[in-house]
Amino acid sequence: MASLIQKGSTWKYLDDGSNQGTTWRNLDFNDNNWKTGEAQLGYGDGDEKTTLGFGSNSRNKNITSYFRKNFQVEDPKSVQGLDLSLLRDDGAVVYLNGTEVFRSNMPSGDINYSTAASSAISGADEDTFIKSVIDSGLLRQGDNVLAVEIHQSKASSSDISFDLGLTTSGGGDPGNPGNPTGAVQYEINHNPYLQLGDAPLDGYAGSETDQVEVLWQTIPKNSSVKDSFLVEYRPDNSSASWIAAPQVQKINTGTGNRVNHFTEIDGLKFDSDYEYRVKHLNQNGEVIETFQNKFRTRLPVGDKSSFSFAAYGDSAYTKNINGFRGVQGRINQMDPDFSILLGDNVYNGGSHLESDARLDPDLNPEAAKWMGSHIDYLSYGNHDIRTDGGGPSEDNYSNPIPVAGVTSTAQLPSSERPEHNYSFDYGDVHFATFDSNSLKDSSRLDGQLDWLEKDLAASDAKWKIVFAHHPVAGVPDKPENPGDNYYQQVVPRLKAAGVDLYLTGHSHTYAWSLPLTGQKNGKATYVNDRDKDYAKGAGLVQVVSGMGGKSLRGGSFSKFPFMAAGYTQDTNPASEFGFSNIKVTPDKLTIDYIAADDGSIIDSFSITDDETSNSDTTAPTLALTSPVDNGPNDSNPANNALKLDRTPGEFQFQLQDTGDGVDDKSVTSEAFTITKGGQLVSPQDYSFSYDAVKDLVTLKSTGNGFADGNYEIAINNGTTKIADLAGNQLASTKFTVDVDTATDPVPPTISKISFQQGLNGYTGTLDTYIQESSGNRNHSSASSLNVDGRDRGGSVQSLMRFEDIFGDQAGQISSGAKIKSAKLELEVTNRGDSIEFHRMLQDWSDKDTWGSLNNGIQANDVEAASKADAITGNIDKGLLSVDVTDSLKAWQSNPQSNFGWAILPTDSNGVDFNSAEGKTAPRLQIEFEAKGDPTTPTTPTTPTNPQISGKIIVGTNAADRLIGTPQDDLIQGGDGKDIIDSGNGNDVLTGGSEADTFVYNNLNGGVDTIKDFEIGSDRIDLSNIFKGSIGDDDGDDFDFDDSVKFVRSGSGTKVQVNPFGDDDDSGQFKTLAVLDNINPGQLGQKQFII
């Protein structure tokens, strides 16, 4: 078997709804003008790598999308058959070199671009690959093409999906000419994967270099012939000759004639990238198939580089595998350095057949992909030992075997099974595990802990982590408690041995303890530290991470006062399938509970080495960010002195610390004083709030804003001081704010313009990312961009530019315009650390790579500006808005200098966001005052615009409710979260910044124009219109898509409403509003209140 087209490959595609006839299926068809994207391709499900278009009307989407993929076959005669694996939603027809070879969920007979699929696909069928054997006689020597058309079941369908794999069945590798015989001895059942093998600890023979063990499993095909295997390796990205690994050895598993094959590759350099391949040869030495992959070796002992790893238990179960596949898929996307398996890794009995749920690529492609390039280090759970005491796992995994004086300091008790108790090093962390199935056998457990104590004492690692299956106590679905011997033996001995973290599974919950110090009279003793940042050495912190995919359980943690946090199906928020992602730095362990479905951090805590962190001598800093000092509303050019002609509703201050972080306990209202003549008092005059996640302080007026007058805001001028965790105090700081609205001018006309790939025909967004570990690969067509300080051992940087945004043409910003603000909106799909936006100072192409840019981008004032124009702070999943006003002002003064941004990481937890080719392309929004806009103060009582017969209504910077008249009004919101009820005229509405709500009470009014509707923040309230129509007498369920329609209107979109939907005999839909610069595909039920 050889792969001709792998699942997840890059395809040519056409998604414009056109009629392509039949020529597109042929090999000689010219598809140069088609788009390119990675599978899965589609929309509507959220798991697409490439998002397809569906046309301008969400109620009348394109029925058919087209896909083409070329592939090479050097010897078609060697291919006896072709195995097709097809993911389709809804229907599909497949053509090989112009001839139909397969159709699924499609009517018989001729079809065309308007032919609907036979039925809608839903549920598990949306993720199921349909398999079929197709005719290999259609193959040609050299170039071939597979063409696929995907059809929707109806034009209003909510989603579409496509992916495909094509492999040879029988015979040899068509990419390796020759004529291998068709008969083979083995079929590979488990693809080659990696383990550490019997690696010695530091200081013992062989520890000078690293090693891996390559394993795979076969099932018999024909015993009359003899196959063989050849394993080779070499440094990655090199032209060096392949090096043959030692001779392959075999283990007969005793189950269905399954055979495990393995060999060890040693003498590898630490912290280095390698590639390896496994060749399956027939008895004539001819290649039948080849498996090839890459890996990175461990950090050497004592290396203080940061890294991360995943930890989870209770996972693979053949009868219900989707939960675990989701967990493994999310781990693959985050790409930590390795995983730790916390037991019950194979349900129900740990047998070889049940192990297919983890190792069979057809059942679990996510796990097979991961294990081909990463190591899983396992501990043994109670389910794992049900078959032969864990024999199948011993066959399938290869761990170090402690032999005193040979590979290890300490010797295990002779009664212990090899590989159930072992240790290894990774950088400055020493890991160890023991078989906790001994929890009720105190004598056996005592012998294991004797070995473990000696092993831990021999290590000089900064951090020591022990992992096993069973928690010592503190979970609602298991009986262990501090009165048991298990707790009383494990906790004091691991604490005394300097163990920082005890990772466990067993309980299908997620939880962690406070630092445990022991027990007294059967009750746990602990350090009652509730700030989620524990001091190294304070006690043993236990993590329970049993959410790997088997099941989710309920219960309460209320009876366990020593547990810091816990999640079950009965808690709020409830538990989710997921895992621990553990980040290791020289002075901190950060443990995040990651949700498998969206990658969000559900909760988090850390363990800090105070001795290391106290080396931080840099004090935190503070900036006034609302209103912005020297921002667009500040007419005083001096620093820390503002003059405002608008009433501010609040003052916001951003704290930053470059060391170990702000001490949240020190940020109190007593550190801030506001005076205006006399001192203002909190909370009577203003409220104080502190967002500890964003390090953001808000002083909010309790009245109608901070009215006219001279204010002085003093920070850290009293006895209460803001400081960081190392004790460094913020410098005393003062701001003066002069608010004078007496000569407020009529607000000038503020124009807003948006640049987004595909919006109003704009095609000027250029973006890519460059990766140190794949230095010569370009990512110009990637649907997602990545910024990461450490990914596979190297940095990842992104580049982004919006071209042709300055000029005197329509849709551009003129040189005479005054830019008021600019924000860049990114759809974040994986949350992470802060990122920085540096203006590029030299040109670049989206075809550039890490290598072509001379080892990435340097912020050195030559390649990119050394000072960042914007720094985000830690980033959550969802819409990220970045203030890039400084960049836009600089480029406006010299448009030729617009080379865009270098987006650079600040730490090792990477961030992913959609590219211009992604589902939600980056959007640049700019507010500006055009040249010639009115600036002379006037106070009109009636509009002078002949199209405005009502009033001009202008809001403040606070949260206003603005109500229009029955006539045609001009309503402009301010900087607050406004509610705008326009009345019944044909009104022109501007919400302003913040999240605004536009209210409609009936269908009797005119048609409004909303100038600045913002996707992701603004909403339209239709609740009064739909009263009485939702849940009508017929009992029909309300269907948003049947009652609200979006129709393109010039550069905007009409919002049309009929509360009785398509069932209304009149069929009349009333247009309520036109949303400027919004296309129909951006709108859905999330933007409405019903």
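**Exercise 1.** How many helices and strands does the protein chain have?

*Solution.* The model is predicted: local features need pLDDT of at least 70 and side-chain atom pairs count only at pLDDT 80 or more, while totals for chains, interfaces and linings use all residues. Residues are numbered from 1 along each chain as its sequence is written, and side-chain values use heavy atoms, leaving out hydrogens and water. Helices (H or I, at least four residues) and strands (E, at least two) are taken as DSSP runs, numbered from the N terminus. On this basis, the protein chain has 10 helices and 68 strands.

**Exercise 2.** Assess the overall dimensions of the protein chain.

*Solution.* The radius of gyration, taken over C-alpha atoms, is to be set against the globule rule, 2.2 Å times the number of residues to the power 0.38. For 1090 residues the rule gives 31 Å, and the protein chain has 32 Å, close to that value, so it is as compact as a globular protein of that length. Along the principal axes, the C-alpha atoms fill a box of roughly 95 × 80 × 65 Å.

**Exercise 3.** Determine the buried share of the protein chain.

*Solution.* Buried means under 20% relative accessible area (1.4 Å probe, protein chains only). Of the 1090 residues, 55% are buried.

**Exercise 4.** Characterise the two spans annotated in UniProt.

*Solution.* The unreviewed UniProt entry places "domain: Calcineurin-like phosphoesterase" at residues 331–510. That span is 27% helix and 15% strand, with its end C-alpha atoms 17 Å apart. The annotation "domain: Purple acid phosphatase C-terminal", also from an unreviewed entry, covers residues 540–604. Residues 540–604 are 0% helix and 46% strand, and their end C-alpha atoms lie 17 Å apart.

Conventions
Buried < 20%, exposed > 50% of the residue type's maximum accessible area, 1.4 Å probe, protein only. UniProt positions renumbered as here; feature names shortened; annotations may be inferred.
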